[in-house]
Amino acid sequence: MDERPVNVQDEGSLGLGIVLGIFLGLIGIIIALVINKPKTTKGSLIGFGISFAIGILGYVLIFVLLGASLGALGVGM
């Protein structure tokens, strides 16, 4: 048998990166950069983007609901 050494390079985990980005934000991105694995770094950026988008949507939803409830009460007219 011809056994050649296999060159396996661990590129990291996309899922781990997404978890880092969502739950740790910028700290998660820094951790992923320190780990220095391309998939983990990409995942952390994706996770941070998801977290940022959810945060923006949350703020918009709060202000829309607050404005609708104050409008229904006649406050501010």
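Helices here are DSSP runs of H or I with at least four residues, numbered from the N terminus. With that in hand, welcome to a few close-up views of this predicted model.

**View 1. A nonpolar patch on the surface.**
Twelve names are worth finding here: Leu14, Leu16, Val19, Ile22, Phe23, Leu24, Ile27, Ile31, Ile35, Ile46, Ile50 and Ile54 make a nonpolar surface patch of about 1000 Å². Helices H1 (14-24), H2 (26-35) and H3 (38-73) are the elements that give two or more residues to this patch. H1 supplies the largest share, six residues. Zoom in on Ile31, a patch member that sits in helix H2. Ile31 counts as partly exposed because its relative accessibility is 33%, and partly exposed covers the range between under 20% (buried) and over 50% (exposed).

**View 2. The two sides of helix H2.**
Gly28, Ile29 and Ala32 are the buried residues of H2. They lie on the same side of H2, because the arc they cover around the axis is only 100 degrees. Turn to the other side of H2 and you meet Leu26, Ile27, Ile30, Leu33 and Val34, which are exposed. The cover over the buried residues of H2 includes H1 and H3.

**View 3. Asn36, just past the end of H2.**
Follow the chain out of H2 and you come to Asn36, in the loop between H2 and H3. Just after H2, this residue takes a positive phi of about 65 degrees, and the positive value belongs to a residue other than glycine. Asn36 is exposed, because its relative accessible area is 62% and exposed means over 50%.

**View 4. Helix H3 from end to end.**
H3 has 36 residues, and from its first C-alpha to its last it reaches 53 Å, close to the 52 Å expected at 1.5 Å a residue. Look along H3 for Thr40, Thr41, Gly43, Ser44 and Gly47, which are buried. Among the elements that cover the buried residues of H3 are H1 and H2. Gly74 follows H3 and has a positive phi, near 80 degrees.

**View 5. Glu3, in the segment before H1.**
Our last stop is Glu3, placed in the segment before H1. Glu3 counts as exposed because its relative accessibility is 67%, and the cut-off for exposed is over 50%. How far apart in space are Glu3 and Ile50, C-alpha to C-alpha? The distance is 44 Å, for a pair 47 residues apart in sequence. Ile50 takes us back to View 1, since it is one of the residues of the nonpolar patch.

Definitions and conventions. Residues are numbered from 1 along each chain as its sequence is written. This is a predicted model: local features need pLDDT of at least 70, side-chain atom pairs count only at pLDDT 80 or more; totals for chains, interfaces and linings use all residues. Side-chain values use heavy atoms; hydrogens and water are left out. Patches are made of residues with over 30% relative accessible area and no salt bridge: like charges are joined within 9 Å, nonpolar side chains (Val, Leu, Ile, Met, Phe, Trp, Tyr) within 5 Å. Accessible areas come from the Shrake-Rupley method with a 1.4 Å probe; for residues, only the protein chains shown count as cover. A salt bridge is a side-chain nitrogen of Lys or Arg within 4 Å of a carboxyl oxygen of Asp or Glu. Buried means under 20% relative accessible area, exposed over 50%, partly exposed in between (1.4 Å probe, protein chains only). The expected span of a helix is 1.5 Å times one less than its number of residues. Contact means heavy atoms within 4.5 Å. The arc is that of the directions from the helix axis to the C-beta atoms.
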